[in-house]
Amino acid sequence: MQSRFKQAALFSVKLLLSIAVLVYIARGLDLQRLRSHLVSVDPFLFVLALALIFFQTFVLNGRWELIMRALGVSLDWLAGWRILMISLWFNQVLPSSVGGDAVRMWLLRQRGVQWPDAVKGVAADRFTALIGLIVLMVAGLPLLLSRVSNQAAILAIGGLTLAGLAGTVVLLTLDRLPRRLIAHPAIASFVRFGTLVRFLLLQSERRALLFGSALLIHLVTAAACYVLARGVGAELSVLDAIVLIPPVVLLTAVPISISGWGVREGAMVACLGLAGVPSEEALSVSLLLGAISVIIGLVGGAIWLASPERGSYSADRAAKAAEETPSYGMSKEVSSHP
């Protein structure tokens with residue numbers, strides 16, 4: 001009971017934050033102009049952006065399948081895609097605190113995958129995506145310096161990039177620290193996780209494909225945002241989209257709101273504003289991108305309704321998986337991997 005109350009309270013806080021940020025942004029905008037942009041979006045370009053994000057699910061599934069194979073888990077491509085789509089449904093605005101990642105772990109367990117491998121596979125998938133995002137942001141810093149004159153924004157995005165880079169390097173090299181430090185239980189699981197991700201990116205047979213897919217996914221998001229910007233009449237160049245969308249994605253990934261709503265809109269308005277895109281148009285791009293995410297999620301919802309696992313779904317088990325995720329559930333050593 002206490003656990004469910006805690007989950008409900010957390011969901012309520014996230015929901016209130018999403019609403020508060022959206023209201024704060026809307027206060028300073030011309031709502032009539034915003035509505036005009038939303039209803040007059042080029043339908044062809046909207047469908048093109050939708051197709052890009054849908055294509056992204058196949059790339060996401062391919063990356064996840066590579067990771068699971070590296071863990072010694074055979075995951076059928078179609079089964080993996082079905083699980084991924086269901087997780088996207090659970091990531092949308094639902095009266096539940098159980099996220100898509102926890103559902104992915106639970107569905108893997110229903111297929112006979114052990115909890116540690118399920119948790120490691122999903123966590124490594126997430127972190128690989130983060131590394132790809134950080135790499136794009138580092139590569140985009142020279143372009144940012146040459147195209148943006150706002151020093152405060154440069155410091156903010158640059159600081160965010162360097163913090164992400166430093167955190168990634170620390171995690172991947174934790175095993176180089178003195179043994180007496182990394183033997184502590186609170187650190188040991190992160191050491192094993194960092195070792196696993198380093199193996200995936202540097203030593204696994206398909207490391208180039210894995211890393212390339214991590215980059216491609218974020219480039220597809222930038223391309224979809226560029227298409228949506230053109231669809232609402234915003235003047236946004238391809239280079240600006242490549243440089244400014246990754247920070248939006250990174251901030252949206254922070255789990256402090258409901259499916260990124262509010263945080264994504266605030267970040268999009270701030271970042272695209274650096275390229276001269278008016279706030280109403282930038283907010284339109286974000287809301288349309290959110291609408292596409294909901295549409296993709298509804299497809300996952302339809303798959304979930306037809307899923308044979310739905311009858312045995314346990315929210316408590318999925319919630320338990322979510323609680324185990326911060327420690328990455330690594331009760332096994334990574335030394336079993338070459």
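Axes here are lines fitted to C-alpha atoms, for helices over the stretch in contact, and angles run from 0 to 180 degrees between N-to-C directions. The model is predicted, so that local features need pLDDT of at least 70 and side-chain atom pairs count only at pLDDT 80 or more, while totals for chains, interfaces and linings use all residues. Residues are numbered from 1 along each chain as its sequence is written, and side-chain values use heavy atoms, with hydrogens and water left out.

**Exercise 1.** Describe how helix 5 and helix 6 pack.

Step 1. Helices are DSSP runs of H or I with at least four residues, numbered from the N terminus; helix 5 covers residues 100–110 and helix 6 covers residues 115–147.

Step 2. The axes of the two helices lie 9 Å apart, at an angle of about 140°.

Step 3. Contact means heavy atoms within 4.5 Å, and on the helix 5 side the residues include Asp101, Arg104 and Trp106, which meet a set in helix 6 that includes Trp115, Val119 and Asp125.

Step 4. Counting Ala, Val, Leu, Ile, Met, Phe, Trp, Tyr, Cys and Pro as nonpolar, Asp, Glu, Lys and Arg as charged, and the others, Gly among them, as polar, the residues of this contact divide into seven nonpolar, no polar and five charged.

**Exercise 2.** Determine whether Val197 is buried or exposed, and find its surroundings.

Step 1. Val197 belongs to helix 9, residues 185–202.

Step 2. Its relative accessible area is 0%, and Val197 is therefore buried, a term for values under 20%, with exposed over 50% and partly exposed in between (1.4 Å probe, protein chains only).

Step 3. Leaving out residues up to four places away in sequence, Val197 touches Ala124, Phe127, Ile131 and Leu172.
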